[in-house]
Amino acid sequence: MFLKLFIQRHYSSITSLTNPPSKESETIQLCRSGLLSQALNLLNTISSANRISSKPILYATLIQACTKAHSFNHGLQFHCHVIKTGLENDRFVGNSLLALYFKLGPTFADTRRFFDGMLYKDVVAWSSMITGYVKIGKPNVSLKLYGEMIGLGFEPNGFTLSAVIKACSEIGLLKLGRGFHGVVIIRGFDENNVIVSALIDMYGKNCESGDAVKVFDELPEPDAVCWTSVISGLTRCELHEEALRLFYLMHRKNGLLPDLFTFGSVLTALGNSGRPRQGREVHAKIVTSGLCGNVVVDSSLVDMYAKCGLVSDSQRVFDRMAKTNFVSWCALMGGYCQKGDFDAVIELFRMMGKVDLYSFGTVLRACAGLAALKSGKEVHCQYLRRGGWSDVIVESALVDLYAKCGFDSYAYVIFRQMKVTNSVTWNSMISGFAQNGKGTEAIAVFEEMISEEVKPDYISFIAVLFACSHSGMVDEGRKYFLSMINEYGIKPHIEHYSCMVDLLGRVGEIEEAESLILGAECRNDSSLWATLLGACTSSTNPTAAERIAKKMMELKPDYHLSYVLLANVYRAVGRWADALEIRRQMQEKRVNKITGKSWI
């Protein structure tokens, strides 16, 4: 009995070794090895009499192989076979087909049509669709689909939560994002690096840097992606010091290698904080890491050097790039624009060939800087030919261009036609009216800005104070200066004080202007006293003029106008000996009076 069982077992094991595997199993093995063409050839050798079985695993594997090989046409053929064999309702096969349409389909509408036709949808299928809508830039639809999934009783998995958190990040739904954060904790995904990375990114994009760092600190072992997310979030929140500190911790103490996205964020932080020396160090690290030649990293280097004012270094990196993109071109143009070399910006724009929206904004700023109306109109026409008229950055630059070229009425027409405006747009229009001597119109636009609940910034107040100064609106100027400090909590800068001193000086309020300067933190800035000194030329208060001139001589001994004005004051009141003494001091100190020049 036992001998018979032994022989049967031994014989069956021998026959299993001698019998070759079926063609179906061979096909599956070839597909899993990425050999789709060999698998298809093997299938074609099967005669019509020996049909392949209708096992779901076979079709699912074949469809997955088509997806990996980017062979959409073969995938469609297998979809037809699936329908014929009646396997279209199998979950495994259905999810494989959904992945095929999702990754290779001509439009996402085809993917949605297939999804809607699926009889059985599991959480994998729902998660794929939710992720898909996030990737094609429709986060609102993905959140709506998530609601439908929950309504049908499905529980989200890690991929679902990661996708909806990214959706909240894209459209700034911080409150809903915090709700998903709670779901993550309840379902035990708070140590999943992929999901936590999405949470850090969401908090960073919504300027909640404290929450981003807190989530990061709670991770027991954050990976490189999480480190990159928190560094990127801090950079976006303009906390450059903290971002750089974490970068050095990641690299030196934790031994994690930064990738191209990490370097991109770090270079942005270095550029925005103006740290060229550390920027060169990071550049050296990029070279040793073998990432030079990557268009993302090289574009970040061009941008970093440009923002640090090292335009020649930025140009060198750009010239060595094997492949350039819009980011690298615009970064280089931005560097030249920041430097004030507007002609170089226009030349680069002409060399670009194909341009993007951001480059229009940069070149229009250059045209405004040169007051090059003709070139600006050419760029404007090119923008319109591209179907423009909806980008707030470009249109704000157009308002600024026409206003600086003296065409404030045309700038106002563009301003009124804009569908979307921001503080830059309002500031450009207010400044445009102010610079063209239309103080009343500038103040009207400023008041409209406030009524539209657009919060004015320090540039807005420079523009409106400038308008008051050049239109003699003393009471309005005082009102807006106090409003800036008391209502909006904006600390006055030198530019604000300069406008106020000029305003008060123009109407003869010399002592009030002097008192304003003495109460400022920048009381020893020579430019403020120079502005007040200029107002003293038409003043009837010789005592104040003498005091201000002496203060200016103390701050800037080689400023010739201080001596000239003081000598003129002494002559006006009959103090001829003092006037001669001032003349003698000028000679002793070798202070030369600059010869007047005319533009005519």
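**Exercise 1. Is Gly-274 buried, partly exposed or exposed, and what is its relative accessible area?**

Solution. This is a predicted model, in which local features need pLDDT of at least 70, side-chain atom pairs count only at pLDDT 80 or more, and totals for chains, interfaces and linings use all residues. Residues are numbered from 1 along each chain as its sequence is written, and side-chain values use heavy atoms, with hydrogens and water left out.

Step 1. Place the residue. Gly-274 sits in the loop between helix 16 (260–272) and helix 17 (276–288). Helices are DSSP runs (H or I, at least four residues), numbered from the N terminus.

Step 2. Recall the classes. Buried means under 20% relative accessible area, exposed means over 50%, and partly exposed lies in between (1.4 Å probe, protein chains only).

Step 3. Apply them. Gly-274 has a relative accessible area of 42%, so Gly-274 is partly exposed.

Step 4. Look across the chain. Lys-307 is 33 residues from Gly-274 along the chain, and their C-alpha atoms are separated by 6.8 Å.

**Exercise 2. Where does Gln-315 lie, and which residues does Gln-315 touch, not counting residues up to four places away in sequence?**

Solution. Step 1. Gln-315 belongs to helix 19 (residues 311–320).

Step 2. Its relative accessible area is 19%, so Gln-315 is buried.

Step 3. With residues up to four places away in sequence left out, Gln-315 touches Leu-332 and Tyr-336. Contact means heavy atoms within 4.5 Å.

Step 4. Now take Arg-590. From Gln-315 to Arg-590 there are 275 residues in sequence and 43 Å in space, C-alpha to C-alpha.

**Exercise 3. Describe how helix 30 packs on helix 31.**

Solution. Step 1. Choose the descriptors. Two packed helices are described by the angle between their axes and the distance between the axes. Axes are lines fitted to C-alpha atoms, for helices over the stretch in contact, and angles run from 0 to 180 degrees between N-to-C directions.

Step 2. Read the values. Helix 30 (residues 494–506) and helix 31 (residues 510–518) have axes that come within 8 Å and cross at roughly 165°.

Step 3. Classify the angle. Under 35 degrees counts as roughly parallel, over 145 as roughly antiparallel, 65 to 115 as roughly perpendicular, and the rest as oblique. Helix 30 and helix 31 are therefore roughly antiparallel.

Step 4. List the contact. Helix 30 supplies Tyr-497, Met-500, Val-501, Leu-504 and Gly-505, while helix 31 supplies Ile-510, Glu-512, Ala-513, Leu-516 and Ile-517.

Step 5. Sort by class. The contact of helix 30 with helix 31 has eight nonpolar, one polar and one charged residues. Here Ala, Val, Leu, Ile, Met, Phe, Trp, Tyr, Cys and Pro count as nonpolar, Asp, Glu, Lys and Arg as charged, and the others, Gly among them, as polar.

**Exercise 4. At what angle do the axes of helix 6 and helix 8 cross, and at what angle do those of helix 5 and helix 6 cross?**

Solution. Step 1. The axes of helix 6 (residues 91–104) and helix 8 (residues 123–135) come within 10 Å, crossing at roughly 10°. Helix 6 and helix 8 are therefore roughly parallel.

Step 2. Asn-95, Leu-98 and Phe-102 are the helix 6 side of this contact; helix 8 brings Val-124, Ala-125, Ser-128, Met-129, Gly-132 and Lys-135. By class, the contact of helix 6 with helix 8 holds five nonpolar, three polar and one charged.

Step 3. For helix 5 (residues 72–85) and helix 6, the axes come within 11 Å and cross at roughly 150°. Helix 5 and helix 6 are therefore roughly antiparallel.

Step 4. In helix 5, Phe-72, Gly-75, Leu-76, His-79 and Val-82 meet Val-93, Leu-97, Leu-100, Tyr-101 and Leu-104 of helix 6. The contact of helix 5 with helix 6 divides into eight nonpolar, two polar and no charged residues.

**Exercise 5. How many salt bridges does the structure hold?**

Solution. Step 1. The structure holds 25 salt bridges. In each, a side-chain nitrogen of Lys or Arg is within 4 Å of a carboxyl oxygen of Asp or Glu.

Step 2. Arg-350 pairs with Glu-378 at 4.0 Å, N to O. Arg-350 is in helix 21 (residues 342–352) and Glu-378 in helix 23 (residues 373–385), so the pair ties together parts 28 residues apart in sequence. Arg-350 is exposed at 55%, and Glu-378 is partly exposed at 42%.

Step 3. Arg-478 bridges to Glu-512, with the closest N and O atoms 2.8 Å apart. Arg-478 is in helix 29 (residues 474–486) and Glu-512 in helix 31, 34 residues apart.

Step 4. Arg-506 and Asp-502 form a salt bridge (2.8 Å, N to O). Both lie in helix 30, four residues apart, about one turn of the helix.

Technical notes: Helix = DSSP H or I, 4+ residues; strand = E, 2+ residues; numbered from the N terminus.
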